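Student: I would like to take a close look at a single part of this structure, and I would be glad of one connected explanation that I can follow with the model in view.

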Amino acid sequence: MFFQDLVKTYTLQLLNSKEFSDTVEIIDVLNRSQKQNNELIEIIRDHERGLEIMVDGVDQPKEESVYKSEHKQLVETMSEYYKDYTAIKEQLFQVIKSAIKKDKEERLLDKKE
């Protein structure tokens, strides 16, 4: 949501920038990331519901092993998601920074004229 607000705030600068195609691509990636984020939230909620197997005091080796395996996979998935998220964030900030800088330069040139 923060990224969407950021893009909305600087829409005019992004539309006028040379990096418009990059902006469109990043917005598409953001939308896919948001969908993935929602899916991961559901997976984590389901995983949390299964936590009872681990803490109920009943010895269930097979179920506990499955839960641990799922947990390990979830940790790996979240790690990959975080790497992708960080890369998206860096790209978006770079594009917006460039657009803002260009906009400021144009305003300064307009004031001088």
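Student: By class, how many nonpolar, polar and charged residues does the lining of the largest pocket have? Please stay with that part of the structure, and then show me what lies around it.

Tutor: Please keep in mind from the start that this is a predicted model. By class, the lining of the largest pocket has six nonpolar residues and five polar ones, while charged residues are absent from it. The residues that form this lining are M1, F2, F3, Q4, L30, S33, Q34, N37, N38, Y81 and Y85, and the space in the pocket comes to about 220 Å³. If you trace the lining back to the helices, you will find that α1 (2-9), α3 (20-49) and α5 (61-112) each supply at least two of its residues, and that the largest share, five residues, comes from α3.

Two of the lining residues, F3 and L30, lead us on to the largest nonpolar core, for both of them belong to it. This core has eleven residues in all, and beside F3 and L30 they are L6, V7, L14, I26, I88, L92, V95, I96 and A99. The helices α1, α3 and α5 each give at least two residues to this core, but here the largest share, five residues, comes from α5. As a general background, nonpolar side chains in soluble globular proteins tend to be buried together. To see how one member of the core is placed, select V7, which is in contact with L14, I27, L30 and L92 when its neighbours within four places in sequence are left aside.

Helix α1 deserves a slower look, and its buried residues are F3, L6 and V7. These three lie on the same side of α1, because they cover an arc of only 95 degrees around the axis. On the other side of the helix, F2, K8 and T9 are exposed. You can therefore turn α1 in your viewer and compare the side that carries F3, L6 and V7, which lie together within that arc of 95 degrees, with the side where F2, K8 and T9 are exposed.

Helix α3 can be followed in a similar way, starting with D28, which lies in this helix. D28 counts as partly exposed because its relative accessibility is 39%. From D28 you can step along the chain to N38, one of the residues that line the pocket; D28 and N38 are ten residues apart in sequence, and their C-alpha atoms are 16 Å apart in space. V24 is also found in α3, and with a relative accessibility of 42% it counts as partly exposed. The C-alpha atoms of V24 and L14, which are ten residues apart along the chain, are separated by 9.3 Å, and L14 is a residue you have already met as a member of the core.

Finally, look at helix α4 (residues 52-55), where I53 is found. I53 has a relative accessible area of 26%, so it is partly exposed. Not counting residues up to four places away in sequence, I53 touches V58, Q60, E63 and E64, and its C-alpha atom is separated by 7.0 Å from that of E63, ten residues apart along the chain. V58 lies in the loop between α4 and α5, and it has contacts with I53 and E64 when its neighbours within four places in sequence are left aside.

Notes: Residues are numbered from 1 along each chain as its sequence is written. This is a predicted model: local features need pLDDT of at least 70, side-chain atom pairs count only at pLDDT 80 or more; totals for chains, interfaces and linings use all residues. Side-chain values use heavy atoms; hydrogens and water are left out. On a 1 Å grid over the protein atoms alone, a cavity is a set of points where a 1.4 Å probe fits but cannot get out, and a pocket is an open set with protein on both sides within 12 Å along at least five of seven lines; lining residues have an atom within 4 Å of a point. Grid points are joined across faces, edges and corners, and a volume is the space filled by probe spheres set on the points. Helices (H or I, at least four residues) and strands (E, at least two) are DSSP runs, numbered from the N terminus. Ala, Val, Leu, Ile, Met, Phe, Trp, Tyr, Cys and Pro count as nonpolar, Asp, Glu, Lys and Arg as charged, and the others, Gly among them, as polar. A nonpolar core is a set of buried Ala, Val, Leu, Ile, Met, Phe, Trp, Tyr and Cys residues joined through side-chain atoms within 4.5 Å. Buried means under 20% relative accessible area, exposed over 50%, partly exposed in between (1.4 Å probe, protein chains only). Contact means heavy atoms within 4.5 Å. The arc is that of the directions from the helix axis to the C-beta atoms.
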